[in-house]
Amino acid sequence: MSNKIGLKEAISIGIGGMVGGGIFAVLGLAVALAKGGTPISFLIAGLIALITSYSYVKLSLAYPDRGGTVKFMNKGFGIGVFSGGINNLLWVSYIIMLALYASAFGSYAPNLFALTSDKIIDTHIYASAIVVLATVINYYSISVVGKIESYAVIIKLIILLSFVVIGLYGLTSSQNLEQLSPEHWEVPFKLVTAGMVIFVAYEGFELIANAAPDIINPEKNIPKAYYYSVVFVIFLYIIIAIITVGSLTFAQAATAQDYVLAEAAKPMLGKIGFTIITVAALISTFSAINASLLGGSRVNYEIAEDDELPSHFTKKLWGQPIGLLITTVGTLILVNTLKLESISTAGSVGFLLIFSIVNFVGFKKADEIKGNKVIPLTGFIACFLAMIALLVQHYSTSKTDVYIALGIIAFCFIMEYIYKKTEYKKKTNE
């Protein structure tokens, strides 16, 4: 029974997946985009995640598989160019998330120890080094990855919950509380699009799907694992957003955009608070990189096993799937070429598209999976419209981010189409 997962462990997989590097990476971005309405943006993104978790509950119960989302796509559409393209996008979205976490690590680390006089150079050095270190650990031992993750979840939650308790107390004497009033909010459309840029902070609940075959008493524990973890994280993020907006002026938040959570601890705890949150950010992003490297290489392996990627990807290199090395290389390229907002936008667009399709599968298979049709249909429409809103908003402010996001999606489908075409030719020539 040692490989079985109880309710507590299943919930910690969901919370650990969401409260990884996401909140540390995108909180400053959220404040810059939504201003005083930042808590509302987190609520909007959280509600979309919560609706989507219904489809994940039903699909995880009907098709428990370590491939998780990959399996759901193949059940919904059969193995073909469409399911393969979406599954490739899932793998690439893991790489984007890794780049986001590494970027956050790189932004926080120089606050503790500067390597050079140029902070931008430091950011890239730290971001690249932590990806390489996590890759070495993944090659060394998968059980070490699991141990790091289990300790990291406890450490980061203790620090974040302490930040919440002290922060709420500190708000009573804050000069910036009026920033939370509606006159300091951005217009509703911007609140929605800010929520979508930071949607990547919620995507980690889908990791529960990969653990579904190992969860004890699944009928009872799988729904609880999804709903409890998502609702807990929604509340946690909203309170953190309230404390951040209520503690710092918008100018201070903009200056410290990449490490705003550490800056928000300063008014209450001074330099010590800043350092503690910085350490929490480094532990969180490091553990998230570790777990996502493992998850990304597994997704890649599952896709290849289902013949949606060349069989070369099922081969092993130094005892691990070759996808681990490719995932690392892809992460290093992204983190050293794209800005944080571009990475976050591409990740959010990718996951909103993936989740809209998962919701569609939940709707399509409602009878087979004994589910309600209205909730998945609502999730499908909400995710799809949110993705469109994000692209429209970004097209007016940063066309490059939109081209990058759409280019990544197109690349995933074109690669799948070419692969299927060549495979078909091979078979017909044999």
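**View 1. Phe-24 is a buried residue in this predicted model.** Phe-24 counts as buried because its relative accessibility is 1%, under the 20% limit for that class. Tyr-108 is likewise classed as buried, with a relative accessibility of 0%.

**View 2. Phe-24 and Tyr-108 make an aromatic pair.** The structure contains 20 aromatic pairs. In the pair of Phe-24 and Tyr-108, the ring centres are separated by 6.0 Å and the planes meet at 85 degrees, an edge-to-face arrangement. Phe-24 belongs to helix H2 (residues 22-34) and Tyr-108 to helix H5 (residues 81-108). With their positions 84 residues apart in the numbering, the two rings link distant parts of the chain.

**View 3. Phe-351 and Phe-355 form a tilted pair.** The planes of these two rings stand at 50 degrees, so the pair is described as tilted; the ring centres are 5.8 Å apart. Both residues are found in helix H14 (residues 340-364). Their spacing of four residues corresponds to about one turn of the helix. Phe-351 and Phe-355 are both buried.

**View 4. Phe-351 and Phe-355 belong to an aromatic cluster.** The other members of this cluster are Tyr-56, Phe-72, Phe-199, Phe-205 and Tyr-226.

**View 5. The charged end of Lys-266 lies over an aromatic ring.** The ring is that of Phe-274, and the charged end of Lys-266 is 4.9 Å from its centre.

**View 6. The charged end of Lys-373 is placed over the ring of Phe-363.** Here the distance from the charged end of Lys-373 to the centre of the Phe-363 ring is 5.4 Å.

Note on methods
Residues numbered from 1 in each chain as written. Predicted model: local features only at pLDDT ≥ 70, side-chain atom pairs only at ≥ 80, totals over all residues. Heavy atoms only, no water. Phe/Tyr/Trp six-rings, centres within 6.5 Å; stacked < 30°, edge-to-face > 60°. Helix = DSSP H or I, 4+ residues; strand = E, 2+ residues; numbered from the N terminus. Buried < 20%, exposed > 50% of the residue type's maximum accessible area, 1.4 Å probe, protein only. Lys NZ or Arg CZ within 6 Å of the ring centre and 35° of its normal.
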